[in-house]
Amino acid sequence: QVQLVESGGGLVQPGGSLRLSCAASGSFRSIGDMDWYRQLPGKPRESVARITSGGSTDYADSVKGRFTISRDNAKNTVYLQMNSLKPEDTAVYYCRADINFRGSRTQYTYWGQGTQVTVSS
């Protein structure tokens with residue numbers, strides 16, 4: 001069984017910073033792409049940032065230049081460094097990972113439980 005556990009959310013003032021972490025645990029062969037998504041109440045989940053297994057990154061236009069995604073493959077962990085936070089960044093943030101299992105070529109998608117980020121003065 002695979003679990004993704006996020007941490008690092010909280011309340012921060014506009015212009016402040018937070019660093020989210022998402023650690024994958026369980027029995028698996030490797031992890032492919034890893035993403036951060038966010039969701040506001042009543043709205044669909046939206047992609048924030050993606051990092052491939054090779055380290056290539058992609059960002060939503062709304063966070064380019066402010067957020068940085070990174071990963072530590074030895075720790076099976078993906079990070080999201082969020083700087084210059086704005087009130088409109090307030091949302092529940094979720095991590096997602098493509099998991100590869102031994103003896104299978106199929107990738108399976110797993111989601112974390114979400115962590116609340118609130119940007120407010």
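How many of the 10 residues of S9 are buried? In this predicted model, S9 is mostly covered, with 9 of its 10 residues buried. The legends below begin with this strand and then turn to other sites.

**View 1. Strand S9 and its pairing with S4, S10 and S11****.** Strand S9 comprises residues 91-100. S9 runs antiparallel to S4, and 8 bridges join the two strands. Within this pairing, aspartate 35 has arginine 96 of S9 as its bridge partner. S9 is also joined to strand S10 (residues 107-111) by 5 bridges, again in the antiparallel sense. Here arginine 96 stands opposite tryptophan 111 of S10. Arginine 96 thus appears both as the bridge partner of aspartate 35 and opposite tryptophan 111. With strand S11 (residues 115-119), S9 forms 3 bridges, and these two strands are likewise antiparallel. Alanine 91 faces valine 117 of S11 in the bridge pattern.

**View 2. The hairpin formed by S9 and S10****.** The two strands are separated by 6 residues. Glycine 103 lies in the turn and has a positive phi of about 80 degrees. Ring pairs link Phe101, Tyr108 and Tyr110 into a cluster. A search of the whole structure gives 3 aromatic pairs.

**View 3. The disulfide between cysteine 22 and cysteine 95****.** The S to S distance of this link is 1.9 Å. Cysteine 22 belongs to strand S3 (residues 18-25) and cysteine 95 to strand S9, so the disulfide ties together parts that are 73 residues apart in sequence. The link is right-handed, with 45 degrees about the S-S bond. Cysteine 22 is buried, with a relative accessible area of 0%. Cysteine 95 is also buried, at 0% relative accessibility. The whole structure holds 1 disulfide.

**View 4. Arginine 45 over two aromatic rings****.** Arginine 45 lies over the face of tyrosine 94, at 3.7 Å from the ring centre. The charged end of arginine 45 also sits over the ring of tryptophan 111, 4.7 Å from its centre. Tryptophan 111 is the residue of S10 that stands opposite arginine 96.

**View 5. Glycine 32 in strand S4****.** Strand S4 spans residues 30-39. Glycine 32 has a relative accessibility of 7%; because this value is under 20%, the residue counts as buried. Beyond its neighbours within four places in sequence, glycine 32 is in contact with Ile51, Thr52, Ser53, Arg71, Asp98, Asn100 and Gln107. For one of these residues, glutamine 107, the separation from glycine 32 is 75 residues in sequence and 8.0 Å in space, C-alpha to C-alpha.

**View 6. Aspartate 89 in the loop between S8 and S9****.** Is aspartate 89 buried or exposed? Aspartate 89 is buried, with a relative accessible area of 1%. The side chain of aspartate 89 makes a polar contact with the side chain of arginine 66, at 2.7 Å. Leaving aside neighbours within four places in sequence, the residues in contact with aspartate 89 are Arg38, Arg66, Phe67, Ser84, Val117 and Val119. One of these residues, Val117, stands opposite alanine 91 in the pairing of S9 with S11.

**View 7. Positive phi at asparagine 76 and serine 84****.** Most residues other than glycine have a negative phi. Asparagine 76 has a positive phi, near 55 degrees. This asparagine is found in the loop between strand S7 (67-72) and strand S8 (77-82). Asparagine 76 is partly exposed, with a relative accessible area of 25%. Serine 84 also has a positive phi, near 50 degrees. Its place is the loop between S8 and S9, the loop that also holds aspartate 89. Serine 84 is partly exposed, at 41% relative accessibility, whereas aspartate 89 is buried, at 1%. Serine 84 is among the residues in contact with aspartate 89.

Notes
Residues are numbered from 1 along each chain as its sequence is written. This is a predicted model: local features need pLDDT of at least 70, side-chain atom pairs count only at pLDDT 80 or more; totals for chains, interfaces and linings use all residues. Side-chain values use heavy atoms; hydrogens and water are left out. Helices (H or I, at least four residues) and strands (E, at least two) are DSSP runs, numbered from the N terminus. Buried means under 20% relative accessible area, exposed over 50%, partly exposed in between (1.4 Å probe, protein chains only). A polar contact is a pair of N or O atoms within 3.5 Å; within protein, one must be able to donate a hydrogen and the other to accept it, and residues adjacent in sequence count only if both atoms are side-chain atoms. Contact means heavy atoms within 4.5 Å. A disulfide is a pair of cysteine sulfur atoms within 2.5 Å. Rings of Phe, Tyr and Trp (its six-membered ring) pair if their centres lie within 6.5 Å; planes under 30 degrees apart count as stacked, over 60 as edge-to-face and the rest as tilted. A charge sits over a ring if NZ of Lys or CZ of Arg is within 6 Å of the ring centre and within 35 degrees of the ring normal. Two strands pair if DSSP finds at least two bridges between them.
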